[in-house]
Amino acid sequence: MYTEQVMDHFANPRNVGELEDANAVGQVGNAKCGDIMKMYMKISDDGIVEDVKFKTFGCGAAVATSSMATELVKGKSIDEALALTNKAVMDALGGLPPAKIHCSVLAEEAIHAAIDDYYARKGIENPNPRKCDGCCESCHHHHE
Amino acid sequence: MGNTIYMDNSATTPLKREVLDAMLPYLTEEYGNASSIYSTGRSAKKAVDTARETVAAAIGAKPAELYFTACGSEADNWAIKGVAYACQNRGKHIITSAIEHHAVLHTTQYLEKQGYEVTYLPVDKYGLVRPADLEAAIRPDTILVSIMFANNEIGTVQPIADLAKIAKAHGVLFHTDAVQAIGNEEINVKELGVDLLSISAHKISGPKGVGALYIRTGVRIENFMHGGAQERNRRAGTENVAGIVGFAKAMELATDDIPAHKAKLCKLRDRLIAGIEERIPYCRLNGHREKRLCTNVNFSFQYIEGESLLLLLDMNGIAASSGSACTSGSLDPSHVLLAIGLPHEIAHGSLRLSLGDFNTEEEVDKVLDALVPIVQRLREMSPLYEEVK
């Protein structure tokens, strides 16, 4: 059901935990849907994601997509992090079963939520506001 | 299987060696069609007849009241649709429970689309149907009550004799899906007073692909499978002779000494339950503590999700199952866990460990030793657990 990459990121998740000195924290999903992702980032003054960690309540795919997403945004600029799509996360994991695609959406949204928080803390208006809270029950919008 | 610890016996069970040995001749030398008149056909026919006697005797039925099917789901489908179609002139109301297997629930939902009305009885927090609720739900146009003997997810054993008595008092037919109960509970259809009962071979270390429906003499029921004259013109299709022979052997072994089987498995079950409750905080036993199958252990672990738990158990060589949405392919967790009142987030973190004849005390202890750190590891990773710590 899962690819080797998914199983690897599930069994050995990268960047799991909390960041004490995070200046960007975002959480998406809800327990009712069965998955919650919380993303912690430390973003430098020149807008680079210096460090990132996550905590996830969810299935194997939810853990693996969180882990992969943190790997893909680490060391990147805010704009690059915001440009990360759920499809890129999925591709990096060698694909996901159809029922698990929403987990990759959740990962994309968690990054956006953390960066929203960064802007909010700075008192800057977010140039790319979020449209989705990452819970499939909230809008039933189909992603691919 | 190697070093796998198999604790998903409610999903299916390994075939017993004696069962395979009984089946093999009918897959090789005695390959005849039971409807043919020459020697090997007659031999197949005789084997089916003998098997029918064995299976019928094990549930206190007459051989003429037992019909072989391809699985438990077919038996459920046949019982419900067959009675619904045969009795529609009398009424189109069916009563079942909210925690039935999908073989029952999806069948009644199908009938609803055809103009039947279905009442889904609620259950209490342990998963028990209240007899008073059944009594109150019966109407003049009720034609069938279908309540499962024992639940496949949480193991709750229903007061079937009491429920069947209520249906009988109102002249309503009573069906029970006994797929999980067979071999684990004493079953005598006459003493229970049921009109229809579904069973399956592969839950009692028999082969997959064979089940049976008990139909009490005199019950009006339409045929489900149309074709040849097999099963006394009521269920067409060439008999799965080897499967039927295997079913009978498995039934013989499973019902030989039910009290001893129960005593052995209850001890394992209670050791597992006690171990989890002692060693893992924030957990909840689902189902009834006493009115429970000797094979069933079902827990919800707060703050974690079931599929992750299953994957990590699998990496430790342990096969189990969960009522989490992620393992069902839908957004909603198990309808059974929701029906006993669990909130979604608790239902997502459920684990079913189902025991069988092959499990040992040593395996129970190994599962406990693996489970404790796995739950802890997932909780450490869970944002929901932060607030608790």
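## Fold and overall dimensions

Helices, of at least four residues, and strands, of at least two, are taken here as DSSP runs numbered from the N terminus. On that basis, chain B of this predicted model contains 15 helices and 12 strands. Its radius of gyration is 22 Å, and the globule rule gives 21 Å for 389 residues; the two values are close, so chain B is as compact as a globular protein of that length.

Along the principal axes, the C-alpha atoms of chain B occupy a box of roughly 70 × 55 × 35 Å. Buried residues make up 52% of the 389 in the chain. Among contacts in chain B with a separation of 6 or more, 71% are between residues 24 or more positions apart.

## Packing of α3 and α4

A pair of packed helices is described by the angle between the axes and the distance between them. For helix α3 (residues 72-86) and helix α4 (residues 102-113) of chain B, the angle is about 30 degrees and the axes are 9 Å apart. Angles under 35 degrees count as roughly parallel, so α3(B) is roughly parallel to α4(B). The two helices cross in a right-handed sense.

On the α3(B) side, the residues that meet α4(B) are B:Gly72, B:Ser73, B:Asp76, B:Asn77, B:Ile80, B:Lys81 and B:Ala84. Their counterparts in α4(B) are B:Ala103, B:Val104, B:Thr107, B:Thr108 and B:Leu111. Sorted by class, the contact consists of five nonpolar, five polar and two charged residues.

## Residues with positive phi

Most residues other than glycine have a negative phi. Two residues of chain B are described here for their positive values.

B:Ser205 has a phi near 65 degrees and is not a glycine. This serine lies in the loop between β7 (196-200) and β8 (211-215) of chain B. A residue counts as buried if 20 or more other C-beta atoms lie within 10 Å of its own; B:Ser205 has 26 within that distance, and is therefore buried.

B:Arg232, also not a glycine, has a positive phi of about 50 degrees. B:Arg232 belongs to helix α8 (residues 230-233) of chain B. The cut-off for an exposed residue is 12 or fewer other C-beta atoms within 10 Å; B:Arg232 has 8, so this arginine is exposed.

Definitions and conventions. Residues numbered from 1 in each chain as written. Chains lettered and ligands numbered in written order. Predicted model: local features only at pLDDT ≥ 70, side-chain atom pairs only at ≥ 80, totals over all residues. Rg over C-alpha atoms; globule rule 2.2 N^0.38 Å. Contact = placed C-beta atoms within 7 Å. Axes fitted to C-alpha atoms, helices over the stretch in contact; angles between N-to-C directions. Parallel < 35°, antiparallel > 145°, perpendicular 65-115°, else oblique. Left-handed = near helix turned anticlockwise from the far one by under 90°. Nonpolar A, V, L, I, M, F, W, Y, C, P; charged D, E, K, R; others polar.
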